[in-house]
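Open the viewer and get your selection tool ready. We will go stop by stop.

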Amino acid sequence: MTTQTFDLPDLGEGLTEAEVVKWLVAVGDTVTLDQPVAEVETAKSIVEVPSPFAGTVSVLHGEEGEVMAVGKPLISVESSTVESGTVESGAPEAAAPAEAAPAAGSDAAGERYREEERAGSGSGNVLIGYGTPESTGSGRRRRPRSRPPARGAQPSAPPAPVTPIQAAPARRVPLVTSPLVRQLAREAGLRVADIEGSGPGGLITRRDVRSAIEAAGANTAPAPSAPIAVPTPPAEAPPAPAAPSSVEPGAVDTRTGLTESRRVPMGTFRKAVAASLSRSRSEIPEATVWVDVDATELVRLRRSDPEGPGLLAYVARFVLAGLHAYPELNGLVDTEREELVQYDGVNLGLAVQTDRGLVAPAVMGAHKLTTAELDTEIKGLTRLAREGKATPAQLTGGTFTLNNFGSLRVDGSAAIINHPQVAILGIGRIIDRPWVVDGELTVRKITQLSFAFDHRVCDGGAAAGFMRVVADAMENPAGAIARL
């Protein structure tokens, strides 16, 4: 029997820890390759972690509710044969000792993958876990499992197909690919075996998969049924704020002189939020502008077609028009290379208040959608976010954020930019206010737009121009839509 240990991977968000929300397997259970074994909470989502090994679960290295460090053992699996794919399918047995990756639980293996991770620079080039490679055949990883006698029979097997396989090492698949990287490829309908790796030794990374997706023109928005999507967090696994107090009764704060009633540890989610907001405030020289908008005609348009797109979908459409006119607001600042980056397309982030906190999942490829399609995607994405099913790609892939804080019944807000984005637009509640139209005082539907932008990418003129594109379209939606 061989025992293989799978360490908790970096789930593509650069985090150093994650909380085990729920085990999906128990000691003694039989698991297959890529079977989800645990739900873990990352920065703003709960993600199913698939196993790169097949066999019988021997050890679960953490309790539900425990915060575990990335790179520490997560689960150990025993198997009679190594089925994790560390040796290529079809490779000759004589080459196995030289080609096989070190055991995942060993110090050498951990150091090897840490070195590989350090070799990839920039976000999106994170190597995750000790997963399995794709086979060059169409059957993928599971083919070796249907021919268990193959390894033992190899030395005396009469057929000669092994010889040509030995002669084709140049087309070999990388020894190790992350299970989550392979999931990302499957969600886009791609085979890892067809993707060229840029990592050490040809290792395939998230960046390689995303490049292949762009090259293929695939839709990067995962379907709700994608393997990485997860169920609603169970009621028995409450968020970190429900953790017991860590303060001794009667402890007195020396600064205020008041007795501390309790202390609540910051969970994985709140730590990530704190780090992101602190980084935004410390790195981005932001400025904010406001404008009051007469949304009477927009409200009338919405009421004229109750089954049509919602107000937020129309505003999203006008935001996309504004970003088309001022593309510098749809990008980032590359401080290392001292360059301003602009994107060819928009992943429109939407601030969503959930029971677990504020998240900003993105409608991927929003610039390709009609207003009706935007409405459908916004409603679906909001539902997924509130159920905890939004994927890491959706939660981290936004290029611009739209914040509807009017849903919280407030008029305005100086929002914090969602780093590394460079701008965020907020819309307040729409209420009846006195307004002057054609020299006469009347009651109109008024809302406020507030826009925070990174002053490094543009000056106030561009920010004001963007705001007027959105505001003018909201005040005359029929005319704006006719020009879109």
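Start by selecting Val319. Val319 touches Leu348, Phe400, Leu402, Leu425, Phe466 and Val470, leaving aside residues up to four places away in sequence. Keep in mind that this is a predicted model.

**Stop 1: the largest core**

Now widen the view around Val319. How many residues does the largest nonpolar core have? It has 43. Val319 is among those with the most contacts inside this core, along with Leu425, Leu449, Phe451, Phe466 and Met474. Colour the elements that give two or more residues to the core. The helices are α9 (311–325), α10 (371–386) and α12 (460–475). The strands are β9 (286–294), β12 (348–350), β16 (400–403), β17 (423–427) and β19 (440–454).

A second, separate core has 17 residues. Select Phe6, Val31, Val57 and Val77 to find it; they are included in this core.

**Stop 2: helix α9**

Return to α9. Put a distance label between its end C-alpha atoms: they are 21 Å apart. Why does that agree with expectation? The helix has 15 residues, and at 1.5 Å a residue it should span 21 Å, so the two values agree.

Next, select the buried residues of α9. They are Ala313, Tyr314, Val315, Ala316, Arg317, Phe318, Val319, Leu320, Gly322 and Leu323. As you look along the helix, remember that an α-helix has 3.6 residues a turn, so residues three or four places apart point the same way.

**Stop 3: Leu60**

Jump to Leu60, in strand β6 (residues 55–60). Is it buried or exposed? Leu60 has 23% relative accessibility, and buried means under 20%, so it counts as partly exposed. Show its neighbours. Leu60 touches Trp23, Val25, Ala26, Val27, Leu74 and Ile75, again leaving aside residues up to four places away in sequence. Pick out Ala26 from that group. Ala26 and Leu60 are 34 residues apart along the chain, yet 7.5 Å separates their C-alpha atoms.

**Stop 4: a four-strand sheet**

Select β5, β4, β2 and β7. In that order, they form an open sheet of 4 strands with antiparallel pairing. Which strands lie at the edges? They are β5 (46–50) and β7 (67–69), each pairing on one side only. Turn the sheet to see its twist, which averages 45 degrees from one strand to the next.

Zoom in on β2 (residues 17–23) and β7, an antiparallel pair with 3 bridges. Glu17 has Ala69 in β7 as its bridge partner.

Last, add helix α7 (residues 268–283). The helix packs on the sheet and touches β2, β4 (36–41) and β7. Its direction makes about 150 degrees with that of β2.

Notes:
Residues are numbered from 1 along each chain as its sequence is written. This is a predicted model: local features need pLDDT of at least 70, side-chain atom pairs count only at pLDDT 80 or more; totals for chains, interfaces and linings use all residues. Side-chain values use heavy atoms; hydrogens and water are left out. A nonpolar core is a set of buried Ala, Val, Leu, Ile, Met, Phe, Trp, Tyr and Cys residues joined through side-chain atoms within 4.5 Å. Buried means under 20% relative accessible area, exposed over 50%, partly exposed in between (1.4 Å probe, protein chains only). Contact means heavy atoms within 4.5 Å. The expected span of a helix is 1.5 Å times one less than its number of residues. Two strands pair if DSSP finds at least two bridges between them. Axes are lines fitted to C-alpha atoms, for helices over the stretch in contact, and angles run from 0 to 180 degrees between N-to-C directions.
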